[in-house]
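Reader: Hello! I would like a close look at a single part of this structure, with its packing and its polar contacts. Could you walk me through one helix and what surrounds it?

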Amino acid sequence: MSKRVVIIIIICLGFILFLPKESSQSWGFYGHKRINRMAVFTLPPEMVTFYKKHIEFVTNHAVDPDKRRYGVEGEAPRHYIDIDHYGEQAFDSVPKFWKAAIAKYTEDTLMAYGIVPWQIEKHYYKLLNAFKDENLDRILNYSADLGHYIADAHVPLHTTENYNGQLTGQRGIHGFWESRIPELKAEDYDYFVGRAKYVDSPLKSAWKVVYDSHMAVDSVLKFEALLNKSFPQDQKYAFENRGSLMAKVYSVEYTNRYDLMIKGQVERRMRESIIMVGSLWYTAWVNAGKPNLDKLGQNDISDSLKLQMQKEEELYLLQKIKNAKGHED
Ligand SMILES: [Zn+2]
């Protein structure tokens with residue numbers, strides 16, 4: 001390892017200790033990792049041994065797409081779609097197929113308002129081809145990434161222009177719903193979601209997920225607004241120790257009350273994410289001709305993938321340091 005790399009790693013490790021816990025990432029890092037991890041247990045016997053052997057990889061790399069948002073141009077719109085930008089009848093107006101959607105709106109517009117359903121389809125095909133080629137690195141990489149995009153599409157606020165309640169005076173609700181609630185509640189969720197199912201059309205399913213998410217946007221916002229009106233304002237937030245920093249968070253009481261009002265919506269969307277992740281991994285494997293994973297699973301990821309992951313991690317940490325400095329300035 002070069003001296004430069006060692007220095008960078010030491011700086012990064014130092015910084016991690018002083019960084020607040022992730023709170024503004026989609027599903028939180030905690031939720032994404034949990035979803036990919038639990039998806040492994042939905043798989044049939046021919047797949048489960050392979051995925052169990054590499055469960056730490058698909059768990060830890062469930063958050064790579066969010067880390068890439070810092071450094072990779074064009075990454076951000078892959079995580080959401082502001083479907084309400086396209087008007088009242090958006091689900092009828094927006095063509096389901098990528099090419100037809102480009103023809104109607106231009107690629108620039110689609111990129112500006114998010115492309116998550118198409119990203120799910122794209123990554124599904126990447127995974128399918130990786131299975132066909134029996135390429136362990138790509139299978140694991142794309143499985144982890146696909147899980148991330150599927151999970152993001154299940155978050156109601158990933159389907160609206162009012163993604164952080166900024167248009168309705170509810171700024172902060174994004175992280176509240178997808179990070180704070182899972183952080184406090186997800187240990188108690190029921191993760192027995194059944195078996196992965198064959199999916200006829202991954203694109204159609206991705207659109208159904210977006211539709212269901214969007215239908216939930218009203219209740220996400222409405223119940224928080226109602227609670228906010230009736231809850232003592234001086235008890236809405238609390239300060240919690242995050243590493244060496246004190247972070248302002250929604251209080252436990254406020255979170256519990258909201259979670260009751262939305263009747264387990266976060267748990268439901270998380271469970272649906274898990275089954276769909278497992279189902280698309282399974283469907284890609286079936287459509288690739290069911291390659292023998294037991295044989296393939298005996299290998300480990302390649303050194304070049306390990307190196308690439310390490311480089312991406314360094315880049316991410318450096319970018320975070322830069323951002324943190326930017327906030328100080
Ligand atoms: Zn994301």
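Author: Happy to; what follows is a look at helix α10, its packing partner α15, the loop that comes after α10, and a histidine that touches α10. Please keep in mind that this is a predicted model.

Let us start with the helix itself. α10 covers residues 136–153. Its 18 residues reach 26 Å from the first C-alpha to the last, close to the 26 Å expected at 1.5 Å a residue. At its N-terminal end, N135 acts as a cap, with a side-chain oxygen 3.2 Å from the backbone nitrogen of D137. As for its surroundings, 17 of the 18 residues of α10 are buried, so the helix is largely enclosed by the rest of the structure.

One partner in that packing is α15, which spans residues 265–287. The axes of α10 and α15 lie 9 Å apart, at an angle of about 145 degrees, and α10 passes α15 in a right-handed crossing. On the α10 side, the contact is made by S143, L146, G147, I150, A151 and A153. Facing them from α15 are R269, S273, M276, V277, L280 and W281. By type, the residues of this contact divide into eight nonpolar, three polar and one charged.

H61 offers another view of α10. This histidine sits in the loop between α4 (55–60) and α5 (64–68). Leaving aside neighbours within four places in sequence, H61 is in contact with A144, D145 and M309; A144 and D145 fall within the 136–153 range of α10. The side chain of H61 also makes a polar contact of 2.7 Å with the side chain of D64. Is H61 buried or exposed? Its relative accessibility is 16%, and therefore H61 counts as buried, the cut-off being under 20%.

Now follow the chain past the end of α10, into the loop that leads to α11 (173–185). T160 has its place there, and at 2% relative accessibility this threonine counts as buried. Which polar partners does the side chain of T160 have? A polar contact of 2.6 Å joins it to the side chain of D84, while the backbone nitrogen of N162 lies 3.0 Å from a polar atom of the T160 side chain. D84 also appears among the residues that T160 touches beyond its neighbours within four places in sequence, together with I81, D82, H214 and V217.

Note on methods. Residues are numbered from 1 along each chain as its sequence is written. This is a predicted model: local features need pLDDT of at least 70, side-chain atom pairs count only at pLDDT 80 or more; totals for chains, interfaces and linings use all residues. Side-chain values use heavy atoms; hydrogens and water are left out. Axes are lines fitted to C-alpha atoms, for helices over the stretch in contact, and angles run from 0 to 180 degrees between N-to-C directions. Helices (H or I, at least four residues) and strands (E, at least two) are DSSP runs, numbered from the N terminus. A crossing is left-handed if the near helix is turned anticlockwise from the far one by less than a right angle, and right-handed if clockwise. Contact means heavy atoms within 4.5 Å. Ala, Val, Leu, Ile, Met, Phe, Trp, Tyr, Cys and Pro count as nonpolar, Asp, Glu, Lys and Arg as charged, and the others, Gly among them, as polar. Buried means under 20% relative accessible area, exposed over 50%, partly exposed in between (1.4 Å probe, protein chains only). A polar contact is a pair of N or O atoms within 3.5 Å; within protein, one must be able to donate a hydrogen and the other to accept it, and residues adjacent in sequence count only if both atoms are side-chain atoms. The expected span of a helix is 1.5 Å times one less than its number of residues.
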